[in-house]
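Here's a quick briefing to read alongside the model. It starts with the overall layout, then goes through a helix, the pockets and a handful of residues.

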Amino acid sequence: MSKKGVIVKRLAAIQNFGSMDVLCSDKTGTLTENKVTVVRHVDMQGNESEKVFQYSLLNSRNQTGLRSPLDEAILKHDEINTDRYQRIDEVPFDFVRKRLTIVVQENQNNLMIH
């Protein structure tokens with residue numbers, strides 16, 4: 001690793017390095033400066049998807065709890081008219097489910113967004 005110019009502050013972290021599939025680093029200040037920006041919204045196949053952004057916007061816009069930096073980034077990213085959706089219910093974030101759920105209604109159809 002030293003040949004690649006890598007500096008390791010905690011040697012104990014190296015033992016897990018070989019088993020990683022994905023390594024995320026904070027070169028841009030996302031974590032240290034608490035700034036999150038939405039760059040793309042993709043589906044599970046990695047394709048651009050407006051529906052993914054629409055659902056994330058509905059979730060961020062309709063929750064009643066504290067908004068995270070990710071929620072704020074979603075709300076700032078783009079404006080989509082969501083007037084046709086009415087908030088029905090919310091299951092607050094908890095550490096067992098590790099998610100917040102919003103229920104909205106469009107016409108007579110209920111939509112649950114995790």
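This is a predicted model, and its secondary structure comes to 3 helices and 3 strands. Going along the sequence, you get the pattern α-α-α-β-β-β. Here's the rundown by topic.

**The chain as a whole**

- The chain has 114 residues, and buried ones make up 22% of them.
- About 9,400 Å² of the chain is exposed, with carbon and sulfur atoms supplying 53% of that area.
- If you take the contacts in the chain with a separation of 6 or more, residues 24 or more positions apart account for 31% of them.

**Helix 3 and what it packs against**

- Helix 3 runs over residues 69-77, and its buried residues are D71, A73 and I74.
- Look down the axis of helix 3 and those buried residues fall within an arc of 160 degrees, so they line one face of the helix.
- As for the partner, the buried residues of helix 3 pack against helix 2, which spans 50-62.

**The largest pocket**

- The largest pocket comes in at a volume of about 350 Å³.
- Its lining is made up of 18 residues, and the ones nearest the centre are N59, S60, Q63, D71 and L100.
- One of those central residues, D71, also turns up among the buried residues of helix 3.
- Which elements each supply at least two residues of this lining? They're helix 2, helix 3 and strand 1, the last of these covering 85-94.
- Helix 2 gives the most to the lining of the largest pocket, with 4 residues.
- By residue class, the lining of the largest pocket splits into 8 nonpolar, 7 polar and 3 charged.

**The second largest pocket**

- The second largest pocket has a volume of about 180 Å³.
- Its lining consists of V38, R40, H41, V42, V52, F53, Y55, S56, L70 and I74.
- Two or more residues of that lining come from helix 2, and the same goes for helix 3.
- Helix 2 has the largest share of the lining of the second largest pocket, at 4 residues.
- The class split for the second largest pocket is 7 nonpolar, 2 polar and 1 charged.
- I74 is in this lining, and I74 is also one of the buried residues of helix 3.

**H41, a pocket-lining loop residue**

- H41 sits in the loop between helix 1 (14-17) and helix 2, and it's among the residues lining the second largest pocket.
- Is H41 buried or exposed? Its relative accessibility is 10%, so H41 counts as buried, the cut-off being under 20%.
- Setting aside neighbours within four places in sequence, H41 is in contact with N47, E48, S49, E50, V52, F53 and H77.
- V52 and F53 appear among those contacts, and both are also in the lining of the second largest pocket.

**V103, in a strand**

- V103 lies in strand 2, which covers residues 99-106.
- With a relative accessibility of 13%, V103 counts as buried.
- Leaving out neighbours within four places in sequence, V103 is in contact with Q86, R87, I88, D89, N110, L111 and M112.
- One of those contacts, D89, is 14 residues from V103 in sequence, yet the two are 5.0 Å apart in space, C-alpha to C-alpha.

**Exposed loop residues**

- K98 is in the loop between strand 1 and strand 2, and its phi is near 60 degrees, a positive value in a residue other than glycine.
- K98 has a relative accessible area of 62% and is exposed.
- N107 isn't a glycine, but it has a positive phi of about 60 degrees. You'll find N107 in the loop between strand 2 and strand 3, the latter being 109-113.
- N107 is exposed too, with a relative accessible area of 63%.
- N81 belongs to the loop between helix 3 and strand 1.
- Why does N81 count as exposed? Its relative accessible area is 51%, and the cut-off for exposed is over 50%.
- N81 and Q54 are 27 residues apart along the chain, with 9.2 Å separating their C-alpha atoms.

Definitions and conventions
Residues numbered from 1 in each chain as written. Predicted model: local features only at pLDDT ≥ 70, side-chain atom pairs only at ≥ 80, totals over all residues. Heavy atoms only, no water. Buried < 20%, exposed > 50% of the residue type's maximum accessible area, 1.4 Å probe, protein only. Arc of directions from axis to C-beta. Contact = heavy atoms within 4.5 Å. Areas by Shrake-Rupley, 256 points an atom, 1.4 Å probe, with all protein chains shown as cover. 1 Å grid on protein atoms, 1.4 Å probe; cavity = no way out; pocket = protein on both sides within 12 Å on 5 of 7 lines; lining within 4 Å. Points joined across faces, edges and corners; volume = space filled by probe spheres on them. Nonpolar A, V, L, I, M, F, W, Y, C, P; charged D, E, K, R; others polar.
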